[in-house]
Amino acid sequence: MTRLIFLGPPGAGKGTQAQIMAEHLSIPHISTGDILRQAMKEQTPLGIKAQSYVDSGDLVPDQLVQDLVAERLEQADAQSGWILDGFPRKVTQAAFLEELLQTTGQGGEKVVNLDAPDAVVVARLLSRGRKDDSEEVIRHRLEVYRHETAPLIDYYRDRHKLLTVNGDQSQAEVTHALKATLENRE
Ligand code: AMP
């Protein structure tokens, strides 16, 4: 049973690597960013509420993402493991998840910290061309990452759940390092 949380700055390659590993392990890749973008596209109540936050690079309110994650982890395909990408994004969300996993008996999760220097992630984001990838929004998202999300590295290290992989390599090299790290984790 594999339950993984992918952590790292925007542009570190979380989404790509999470997708590759999810396919490799035959478990769902659950990206809160993807779910929010889809909801925005469909203009669902969730999408409408999230839009202004996502567009400006701010975090959407905890309640919105926590509800969607709780609902998603209840689904049948998530009972045999999952990869969470983009959640939790701050300590309050991590505490929520910890409690959720305890009450649903879905513990044993590991956290992969995919690390890459600022210059690398900015260059990657600028070449990606997503709507929230303008230079100003990118700078803001990195700031939000540093203030809100980076403290999760210590949070999970303290709980002995942290695995670190160097994201400043080619896609194939990161995948290789990731597989090696996950296979040796016990
Ligand atoms: P991502 O695709 O993970 O880079 O997420 C894109 C945007 O969705 C972020 O900049 C936030 O506005 C929003 N978002 C995604 N996940 C979360 C989360 N866990 N908490 C709050 N906002 C989130």
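**A guided look at S31, a ligand and a pair of rings**

Visitor: Why is S31 called buried?

Guide: S31 has a relative accessible area of 6%. Buried means under 20%, exposed over 50% and partly exposed in between, with a 1.4 Å probe and protein chains only, so S31 counts as buried at 6%. By the way, this is a predicted model, where local features need pLDDT of at least 70, side-chain atom pairs count only at pLDDT 80 or more, and totals for chains, interfaces and linings use all residues. Residues are numbered from 1 along each chain as its sequence is written, and side-chain values use heavy atoms, leaving out hydrogens and water.

Visitor: Where does S31 sit, and which residues does S31 touch?

Guide: You'll find S31 in strand β2, residues 29-31; strands here are DSSP runs of E, at least two residues, numbered from the N terminus. Leaving aside residues up to four places away in sequence, S31 touches R37 and D85, where contact means heavy atoms within 4.5 Å.

Visitor: What makes Y155 and Y156 an edge-to-face pair?

Guide: Rings of Phe, Tyr and Trp (its six-membered ring) pair if their centres lie within 6.5 Å; planes under 30 degrees apart are stacked, over 60 edge-to-face, and the rest tilted. The rule gives one aromatic pair. For Y155 and Y156 the centres are 5.0 Å apart and the planes 85 degrees apart, so the pair earns the edge-to-face label. Both tyrosines are buried, too.

Visitor: How do you know that the charged end of R159 sits over the ring of Y155?

Guide: The test asks for NZ of Lys or CZ of Arg within 6 Å of the ring centre and within 35 degrees of the ring normal. The charged end of R159 is 3.6 Å from the centre of the Y155 ring and sits over that ring.

Visitor: What makes T32 a polar contact of the ligand?

Guide: A polar contact is a pair of N or O atoms within 3.5 Å; within protein, one must be able to donate a hydrogen and the other to accept it, and residues adjacent in sequence count only if both atoms are side-chain atoms. An N or O atom in the T32 side chain is 2.8 Å from a ligand nitrogen, so that pair qualifies. For R89, the side chain has an N or O atom 3.0 Å from a ligand oxygen. The protein buries 95% of the 480 Å² that the ligand exposes when taken alone.

Note on methods:
Helices (H or I, at least four residues) and strands (E, at least two) are DSSP runs, numbered from the N terminus. Accessible areas come from the Shrake-Rupley method with a 1.4 Å probe; for residues, only the protein chains shown count as cover.
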